[in-house]
Amino acid sequence: MGLSALLLDPFLDYAFMRRALVACLALSLGSAPVGVFLILRRMSLLGDALSHAILPGAAVGFVFGGLSLWPMSIGGFGAAVAVALLSGWVARATQLKEDASFAGFYLIALAVGVLLISLYGGPVDLMHVLFGSVLAVDNDSLLLVAAIASVTLAALALIWRPLLVECFDPGFLKAVGGPGGTIHMLFMALVVVNLVAGFQALGTLMAVGLMMLPAAAARFWAASVEGMALAAVLIAAISSTSGLLMSFHFELASGPAIVLMAGVAYVASILIGPRESVLRRLFPGRHLEA
Amino acid sequence: MATIRLDGLTLAYERHPAVHHLTGAFEPGSLTAIVGPNGAGKSTLLKAIAGLIRPAEGRVTLSRLDRREIAYLPQQAEVDRSVPLSVLEVVALGHWRRMGLFGGLGRGQLAAASEALDAVGLGGFETRPVGTLSAGQFQRGLFARMMLQDAKVILLDEPFTAIDTRTTADLLDLVRRWHDEKRTVVTVLHDYEQVRQVFPETLLLARELVAWGPTDQALSPANLMKARAMAESWQDDAPICHRPAA
């Protein structure tokens with residue numbers, strides 16, 4: 001079997017593989033830069049919490065519409081936004097910190113979601129919602145994922161500067177009259193829509209994988225934020241492609257295969273990335289004169 | 001000219017006052033040090049002037065002054081230096097009012113940023129990541145950013161804490177220059193010697209106003225004694241304050 005049979009034929013021969021690839025590449029374009037900013041804002045675990053928060057909304061959509069795109073997407077978006085707002089409000093209004101109140105609400109959300117789907121559907125439906133089915137992506141979901149990626153890139157370009165300043169020095173942004181609060185809300189909305197897009201392909205439990213793993217890996221490859229975003233997109237795209245091929249050739253579940261490949265890239269980056277990786281720590285080279 | 005008036009200003013955390021019924025004014029072009037014991041409300045007062053916190057009672061009045069013409073340098077701890085930005089990018093933020101959210105930086109503005117870096121002794125540091133600067137170098141960078149902000153009022157919160165003497169001297173020169181340029185400068189400080197040498201006016205604060213005026217008079221032994229006697233702790237069972245607002 002030649003290299004092209006390994007790498008190209010699956011995509012040339014099967015439409016479902018092509019659709020899955022396009023969906024994953026679109027997802028990589030949108031989610032990975034969002035993940036970079038989540039890490040810069042020290043909110044890495046928030047993506048995880050919000051991805052779980054999608055579940056009860058998607059479950060309500062499922063109860064009313066079955067496994068169909070729009071009810072589950074809209075429901076999921078609504079539920080995640082509700083959890084984000086509710087947690088934010090609890091953090092401001094009570095002595096509970098934001099991470100604690102998020103943890104509380106997303107656990108409730110996850111339990112409600114799993115309960116609803118197991119009540120009204122079967123174990124197959126539950127697996128679908130938790131782990132997604134990127135190989136079954138239809139044209140409508142493909143359009144949704146691509147639209148979300150486009151909107152995300154445009155929105156990030158618009159809010160790039162204030163978002164970056166908000167990460168670096170929120171007090172300065174506030175003092176010069178910058179729209180810190182609005183920027184934060186917009187960014188959270190971007191996180192949620194990208195998780196909804198990821199949910200279509202990878203399911204609630206895996207959606208956050210393509211967002212955070214490439215972003216965390218990118219820190220070991222680039223010095224600037226722009227470079228990190230670019231590296232994250234590339235790592236996400238390579239992980240998606242190789243994960244799909246792995247799942248095709250070895251008959252593995254596609255979502256976990258993709259996230260696992262991103263995990264491999266993450267661990268490899270920690271070990272051998274050009275910037276402050278383990279390798280660099282072990283072999284820093286001789287010191288300079290000044 | 002721009003004046004900042006405080007009328008019966010009370011700033012509180014969970015109803016406990018950090019600044020209590022403070023009245024007075026920072027005159028245009030004045031150079032004032034705010035001194036007082038820890039917990040005296042000095043930083044809180046700067047935040048209120050910068051418009052970052054709302055008074056519990058009383059008010060801050062800005063005359064002939066937009067809030068965006070106030071430059072405010074908080075204590076260093078509030079900045080996240082792990083964000084990978086270059087020194088030039090950080091300093092150029094001082095142009096914010098002119099470039100806003102989307103505007104680009106013109107050649108002149110970039111040149112001004114480089115000049116500001118030279119002025120604070122950071123020439124040649126343009127492309128260095130801010131995370132690699134020492135505390136003193138970073139503080140120089142933030143001063144360069146303030147130069148570009150070209151603000152009428154400059155608020156500095158303990159700008160020389162953990163900074164070496166040479167850097168402190170350089171930055172104090174900059175403060176003097178701002179004073180010569182008729183900007184209003186208000187600085188929270190702990191070093192009485194610095195205050196006596198550089199700052200004509202002093203506000204001695206110990207939650208309540210202790211003294212506000214020419215530095216020699218404000219920092220009299222009697223006043224310092226009074227400030228030191230301030231009780232730092234909250235009283236959980238403190239009664240509600242009924243003093244008239246202003």
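## A helix with a bend

In this predicted model, helix α3 of chain A runs over residues 15-40, which gives it 26 residues, and the distance from its first C-alpha to its last is 38 Å, close to the 38 Å expected at 1.5 Å a residue. The helix nevertheless contains a kink of about 30 degrees, and the centre of this kink is Ser28(A). Just after α3(A), the backbone reaches Arg42(A), where phi is positive, at about 60 degrees.

## Chain A as a whole

Helix α3 belongs to a chain whose secondary structure consists of 14 helices and zero strands, so that its pattern, read along the sequence, is α-α-α-α-α-α-α-α-α-α-α-α-α-α. Measured out along its principal axes, the C-alpha trace of chain A spans about 65 × 60 × 30 Å.

How does the radius of gyration of chain A agree with that of a compact globule, and what are the two values? A compact globule with 290 residues would have a radius of gyration near 19 Å, and because chain A has 20 Å, its value agrees with that expectation. Within the chain, 49% of the 290 residues count as buried. If one takes the contacts in chain A between residues at least 6 apart in sequence, 70% of them join residues at least 24 apart.

## Chain B

Chain B has both kinds of element, with nine helices and nine strands. Taken along the principal axes, its C-alpha atoms fill a box of roughly 55 × 35 × 35 Å.

For 246 residues, a compact globule would have a radius of gyration near 18 Å, and because chain B has 19 Å, this chain agrees with the expectation. Of the 246 residues in chain B, 43% are buried. Among its contacts between residues at least 6 apart in sequence, 70% join residues at least 24 apart.

## Where the two chains meet

How many residues does the contact take from each chain? Chain A gives 16 residues to the contact, and chain B gives 17 residues. On the side of chain A that touches chain B, the helices α8 (139-168) and α9 (170-175) each supply at least two residues, and it is α8(A) that gives the most, with five residues.

The residues on this side of chain A can also be sorted by their chemical character, and they divide into ten nonpolar, three polar and three charged.

Note on methods: Residues are numbered from 1 along each chain as its sequence is written. Chains are lettered from A and ligands numbered from 1 in the order in which they are written. This is a predicted model: local features need pLDDT of at least 70, side-chain atom pairs count only at pLDDT 80 or more; totals for chains, interfaces and linings use all residues. Helices (H or I, at least four residues) and strands (E, at least two) are DSSP runs, numbered from the N terminus. The radius of gyration is taken over C-alpha atoms; the globule rule is 2.2 Å times the number of residues to the power 0.38. A residue is buried if 20 or more other C-beta atoms lie within 10 Å of its own, exposed if 12 or fewer, and partly exposed in between; C-beta atoms are placed from the backbone. Two residues are in contact if their C-beta atoms, placed from the backbone, lie within 7 Å. The expected span of a helix is 1.5 Å times one less than its number of residues. The bend at a residue is the angle between axes fitted to the seven residues ending there and the seven starting there. Ala, Val, Leu, Ile, Met, Phe, Trp, Tyr, Cys and Pro count as nonpolar, Asp, Glu, Lys and Arg as charged, and the others, Gly among them, as polar.
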